[in-house]
Amino acid sequence: MTITVNGTEHPVSERQRTKRLIEFLREDLDLTGVKNACDVGACGACTLLVDEQPLRICTKQVQDVAGHRVLTIEGLKGIDGGLHPLQQAFIDAGAIQCGFCTPGMVLTAHAFLLHNPRPSRAEIRRAIYSNLCRCTGYQQIVDAIEAAAVFYGTVPRTLSHQS
Ligand code: FES
Ligand code: FES
């Protein structure tokens, strides 16, 4: 069994198959960007992309995503290898305070913009509806996603993340 994370295929041992996916990523692969907040699938903080679809992983095991492509926040990069324009937009808009919701929020927004590069603000609000943020009041997050949409509308889809 293997799992592909940020473009790299990792073998999964018998012991790791039933390990919690969030612990496998954080402890075994040292990908600590993914956060565990509620632990029951309710808040969205642990959201990753699996085959480009947002998935809350705090209730998942490694074997649940075997054979699929997983993208964590560490795999989201700009074309030059630096910050992705969506990450930069979050910084520019002041859409990050404690940062605990941010990796899941950014990945949810990334998946949304891949499929909808010209969203209305109402569509953006709906897209992030189930990612909870206790700090920002959401306005700056919507501003950031709206600003980053310009990038998704102009760059070929294959270049929109480096995974
Ligand atoms: S930590 Fe997974 S949904 Fe809250
Ligand atoms: S920035 Fe603190 S929960 Fe969103």
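In which sense do E1 and strand E2 (residues 8-11) pair, and over how many bridges? The two strands pair in the antiparallel sense, over four bridges. Here strands are DSSP runs (E, at least two residues), numbered from the N terminus, and two strands pair if DSSP finds at least two bridges between them. This is a predicted model, in which local features need pLDDT of at least 70, side-chain atom pairs count only at pLDDT 80 or more, and totals for chains, interfaces and linings use all residues. Residues are numbered from 1 along each chain as its sequence is written, and side-chain values use heavy atoms, with hydrogens and water left out.

In the pairing of E1 with E2, Thr-8 in E2 is the bridge partner of Val-5. Two residues lie between the strands of this hairpin, where Asn-6 takes a positive phi near 50°. E1 also pairs with strand E5 (residues 69-71), in the parallel sense and over two bridges; Arg-69 in E5 stands opposite Thr-4.

The side chains of E1 (residues 2-5) alternate. Ile-3 and Val-5 point to one face and are buried (under 20% relative accessible area, with a 1.4 Å probe and protein chains only), whereas Thr-2 and Thr-4 point to the other face and are not buried.

Attention now turns to the domains. Domain 1 (2-75) and domain 2 (85-156) both contribute residues to the lining of the largest pocket, so this pocket lies between them. The domain bounds come from an automatic or database domain assignment.

Terms used:
Chains are lettered from A and ligands numbered from 1 in the order in which they are written. Buried means under 20% relative accessible area, exposed over 50%, partly exposed in between (1.4 Å probe, protein chains only).
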